[in-house]
Amino acid sequence: MKKIFFSLIVAATSVVAVAQQNVSFQTACHPADVKNYDTKTLRDRFVMEKVMAADEINLTYSQYDRFIYGGAMPVTKDLKLETFDALKEPYFMHSRELGIINTGGDGVVIVDGQEYPLGYSEALYIGRGYLGKDKNGKSKDTNQNIVFRSKNPAKPAKFYLNSATAHKHYKTQWVTLDGRKNGKTQSLKAVIVGTKEKPLGTRAESNQRTINQLIVNTALEEGPCQLQMGLTQLQEGSVWNTMPPHTHGRRIEAYYYFNVPEDQTVCHIMGEPQESRVVWLHNEQAIMSPEWSIHCASATYYYTFIWGMAGENLNYNDKDVIQPAQLR
């Protein structure tokens, strides 16, 4: 895994701060090779060990579907999302769409000067920035400046980020679970699959959970291109995030686990159905699940996680189920 570290001078409204953005790179791996990896190699190839860190933006650029995942945690400083050399673009959003879900205290995402307040579990979709060229051949651009801010440094926001390549621009959309409105900010009521009154899963199977579909085509007014994101909350006493597991050869999926007590852990299971591998993850760590890999997890304590997908289609239910008796 290769890392790039650099400091950036950030200008955000009236605040000027020095931010640090760290970018790691993960290459795609052949499943026949993965079955021979030891623990360290497996973690190097698929795990993001540090997602949230005070006054830092941490990103992982995966060659699986050119997917970027990571976190921004502004505490005492505003943090600006910057492009980096591997993108070969003048700004981060030039050819990408971005999904943001806040997993911490109240925060604000500023898009070209427009403020979008995000509370816990609220999301923001930001579309591709490049709009084409005008009749004079000049580039038309938007969404060039993305800045993250916390409202209270004592309870900082923790913005989890997913980004995929995008072929078309769609408008910025603010997604909440209660559909509240705030001035000029676009508010949408997210689609909720399962409720606390009637959760998915059963107690006998230890997988009672509520799935909040936030950035999906059934929730947004327009878009997305290929990015899908949501937040799943397990109920107390449940530990399996999905069972039976599944693959979807048409897209990848990244998982971010949080609300895991510091003395507890998550057992994430990946690999081919008959060549499964276990990766132990801790609070606020993420992992990439390739298109050929199963994905499911259990834990020593109930938890919350964010799933993010990108690939060929926007059919949320496009998956190939693997029955438990087939697992090895």
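Strand β15 covers residues 173-176, and its side chains alternate in direction: Gln173 and Val175 point one way, whereas Trp174 and Thr176 point the other way. Residues on both sides of β15 are buried; here, buried means under 20% relative accessible area. The model is a predicted one.

Strand β15 has an antiparallel neighbour, β10, which spans residues 123-126 and is joined to β15 by 3 bridges. Within this pairing, Tyr125 has Gln173 of β15 as its bridge partner. Gln173 is thus a residue already met, one of those that point the same way as Val175.

Next comes a sheet elsewhere in the numbering. Four strands, in the order β6-β13-β8-β9, form an open sheet with antiparallel pairing. Its edges are β6 (79-80) and β9 (114-118), each of which pairs on one side only. At the β9 edge, the neighbour is β8, residues 107-111, and 5 bridges join these two antiparallel strands. One position to look for is Ile110, which stands opposite Glu115 in β9.

The last stop is empty space. Rolling a probe the size of a water molecule over the atoms shows where such space is left. The largest pocket holds about 360 Å³. Its lining is made up of 23 residues, and those nearest the centre are Ile211, Thr242, His246, Tyr316 and Lys319. Three strands, β18 (209-215), β21 (251-258) and β26 (304-311), are the elements that give two or more residues to this lining. By residue type, the lining of the largest pocket has 12 nonpolar, 6 polar and 5 charged residues.

Technical notes
Residues numbered from 1 in each chain as written. Predicted model: local features only at pLDDT ≥ 70, side-chain atom pairs only at ≥ 80, totals over all residues. Heavy atoms only, no water. 1 Å grid on protein atoms, 1.4 Å probe; cavity = no way out; pocket = protein on both sides within 12 Å on 5 of 7 lines; lining within 4 Å. Points joined across faces, edges and corners; volume = space filled by probe spheres on them. Nonpolar A, V, L, I, M, F, W, Y, C, P; charged D, E, K, R; others polar. Pairing = 2+ DSSP bridges. Buried < 20%, exposed > 50% of the residue type's maximum accessible area, 1.4 Å probe, protein only.
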